[in-house]
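Let's work through a structure together, one question at a time. Have the sequence and the 3D view open while you read.

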There are 2 protein chains.
Amino acid sequence: MKRSRVTLADVAAVAKVDRAVVSRVVNKDPTLSIRPETRERVLAAVEELGYRPNVAARSLRTSRAHMFGLFIPDFANPVYAEIIKGAEAEAASQGYVLVTGSASGAALGDYMDRIGQGRIDGLLLAGTGDESGLIAQLDRSAIPWLMLNNRSRSVKRYVILDDARAAALAVEHLVRLGHRRIAHLAGPSRADTATRRSAGYSAAMREAGLPEGPIVAADYTPAGGAAAMARMLAAPERPTAVFVANVASAIGAMEGVRAAGLEIPRDVSIVAVHDLELAGYLNPALTTVRMPLGELGRRGVALLAGLKPDDTVAEVLAGPIELIQRRSTAPPP
Amino acid sequence: MKRSRVTLADVAAVAKVDRAVVSRVVNKDPTLSIRPETRERVLAAVEELGYRPNVAARSLRTSRAHMFGLFIPDFANPVYAEIIKGAEAEAASQGYVLVTGSASGAALGDYMDRIGQGRIDGLLLAGTGDESGLIAQLDRSAIPWLMLNNRSRSVKRYVILDDARAAALAVEHLVRLGHRRIAHLAGPSRADTATRRSAGYSAAMREAGLPEGPIVAADYTPAGGAAAMARMLAAPERPTAVFVANVASAIGAMEGVRAAGLEIPRDVSIVAVHDLELAGYLNPALTTVRMPLGELGRRGVALLAGLKPDDTVAEVLAGPIELIQRRSTAPPP
DNA sequence: ATGTTCTGGTCAATCGTTTGAACGAAAGAC
DNA sequence: GTCTTTCGTTCAAACGATTGACCAGAACAT
């Protein structure tokens, strides 16, 4: 039984009050003074008719949509799943709906056009951003936005994690095991996280008094990791351990090690950034650095909720970063 | 420079025409007859001011939001990533925005309340549905909806894949390799896909004249798969091959085999449903059955776009289902 | 008795777009 | 020259909710 939609007026008629009263009751307007008996009548009518406010009308009037957008480059990357979950939870607790979309580059602009004006109250951009064009578009659109895990060259509007510290944790772990030739399988140079992790690697190596091993960049994908590892192992002086910038590329990197006829961790130790359930089930189980990705999503939404279009935000999220030791790291041969 | 929002009236003023003309030009109304010169003037004004229609006003008037919803149980399951991608692409090509949310059980109802009335034009429900309550809610809400990869007991509104055929492909592959004791690591019994794959397994075994090996159910997660495999290998008559209902549980199942001191594929062959890039990078690389998940998402949106609230849909998507042979299957010992 | 404050509401304008209807001017029919 | 069409455009009424302003009656103070 599909009843035609119920409006404020319908409820008002049943409850025998003005629409205004219904609206104020539904929204718990504190300035409303009302007899308890009347309020009951209104709530009963709402219940009886199954009234749900029409979002379009409401947001036309209030110019707030109670919806946030989140863009990620690719749903297939499970790292984003955690960010999404955190963001969704926080949005829900603030009464917002989160719309997550995947798009990058030019497609982002199209997406924004389809989103249109007034549909979302704020935007989160996660992941590698080829943003130049989009940011200009956003700045004219009067909606607050924020980059997640990524910084914009032009504007201070971001929340990031302490990637340098994550890298240090990984490198220190390898050093403690006795490794001295520690290579770095970095992320794509356009990704801000990659730069920060590489910087962290360099700093930690310097700190330990070790020379930087070979550094090879790769996309955050298994295929990228495999190819990069192949190149890395072809070099004359083979590393005994590799710090991989991302778990997805690490999965490929592990295959790259096997393809070279070597064994993990006997010949080469591997440690990667980002923990996933999956990491524990790889063969061998992958040692990782866990980052508070869910918290990142949460915090992004929380900030967005209180952000003015012109505010600046530059936050390094202080959350637990810890090494999860599994079986892919061991002392050098 | 954040300009306050631009409305039709602003554009109309600049172009020196009525708002109605601007609206009709923007929407390419075919009933409008207009001097080319005037149209030019309007388009120029739109461009100059950067006008974007206000979605709230538009959908209040037209009662269409140009937005679809898609619910999945969990973003962490990469199988859904493909469905989302397909659905998003199709939605985009029809000028719709897709809002993907994860929620299950009671949370789904809350989510629907936050979505409100009039925000979305249709809803796709993917994955294991504990839906009883939600479906009642949906049926009163006058919005068309559809289940993806999953059937509802009560209403004929679904698109599914040919899971029986996928199971048959997997089993036939094992039979061809010479296996006779083929076990089945099934999905959770509440999942419709699990039931269909199990049925396909049984039929294929009967077809091959083989007795059904042990059947153990597990959640579609690595942890579930590992536990189930442990139980399965504890049985007296060990299978030489296992057909796993889902790639996520297969990852755990592989670890379960190793934990039992056995080797894949020497002692046990493994084949699972759903291909992922990841599967090729496991150790050993996992043999899978590829299903057209992207197509499923695509088709779901396409159907939704032309669906009336009361239409019924019951479609088994005919798409390419193929076995991807890798290294986790081999002849029995 | 008169003025003031409070209680419990009602009125009506407004948000920005869409769209059926109307309308003045020009063109064509007879 | 008048009548009907057609063209190009304008008018104005919705859509459904929000919210500042207003108001009738009761209660209270002086």
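Q: Which residues of α8(B) are buried?
A: First, the terms: helices (H or I, at least four residues) and strands (E, at least two) are DSSP runs, numbered from the N terminus. A residue is buried if 20 or more other C-beta atoms lie within 10 Å of its own, exposed if 12 or fewer, and partly exposed in between, with C-beta atoms placed from the backbone. In α8(B) the buried ones are B:D163, B:A166, B:A167, B:A168, B:L169, B:A170, B:V171 and B:L174. After that helix comes B:G178, with a positive phi near 110°. Keep in mind that this is a predicted model, where local features need pLDDT of at least 70, side-chain atom pairs count only at pLDDT 80 or more, and totals for chains, interfaces and linings use all residues. As for labels, residues are numbered from 1 along each chain as its sequence is written, while chains are lettered from A and ligands numbered from 1 in the order in which they are written.

Q: What span should helix α8 of chain B have?
A: The expected span of a helix is 1.5 Å times one less than its number of residues. For the 15 residues of α8 (residues 163-177) of chain B that gives 21 Å, and the end C-alpha atoms are 22 Å apart, which agrees. Try helix α9 (residues 192-207) of chain A too: its 16 residues should span 22 Å, and its ends are 23 Å apart, which agrees.

Q: What covers the buried residues of α9(A)?
A: The cover includes α8 (163-177), β6 (182-186), β7 (215-217), β8 (241-244) and β9 (269-273) of chain A. Among the buried residues beneath are A:R196, A:R197, A:Y201 and A:M205.

Q: Is B:A126 buried or exposed?
A: B:A126 is buried, because 25 other C-beta atoms lie within 10 Å. B:A126 sits in strand β3 (residues 122-126) of chain B. Two residues are in contact if their C-beta atoms, placed from the backbone, lie within 7 Å. Leaving out residues up to four places away in sequence, B:A126 touches B:L70, B:F71, B:I72, B:Y80, B:I83, B:L148, B:N149 and B:N150.

Q: How many residues does the largest nonpolar core have?
A: In soluble globular proteins, nonpolar side chains tend to be buried together. A nonpolar core here is a set of buried Ala, Val, Leu, Ile, Met, Phe, Trp, Tyr and Cys residues joined through C-beta atoms within 7 Å. The largest one has 188 residues, and B:A253 is one of those with the most contacts inside it. Not counting residues up to four places away in sequence, the neighbours that B:A253 touches include B:L185, B:V242 and B:I270.

Q: What rotation superposes chain A on chain B?
A: Two copies of a chain are related by a rotation about an axis and a shift along it. Copies are superposed by least squares on the C-alpha atoms of residues with pLDDT of at least 70 in both. Here the rotation is 180° with 0.0 Å of shift along its axis (RMSD 0.1 Å). That is the relation of a two-fold axis. The same surface serves both copies, as 100% of the contact residues of chain A recur in chain B.

Q: How many residues surround DNA strand C?
A: A residue is near a molecule or strand if its C-beta atom, placed from the backbone, lies within 6 Å of it. DNA strand C has 27 residues around it, and the closest are A:D18, A:A20, B:L8, B:A20 and B:A57.
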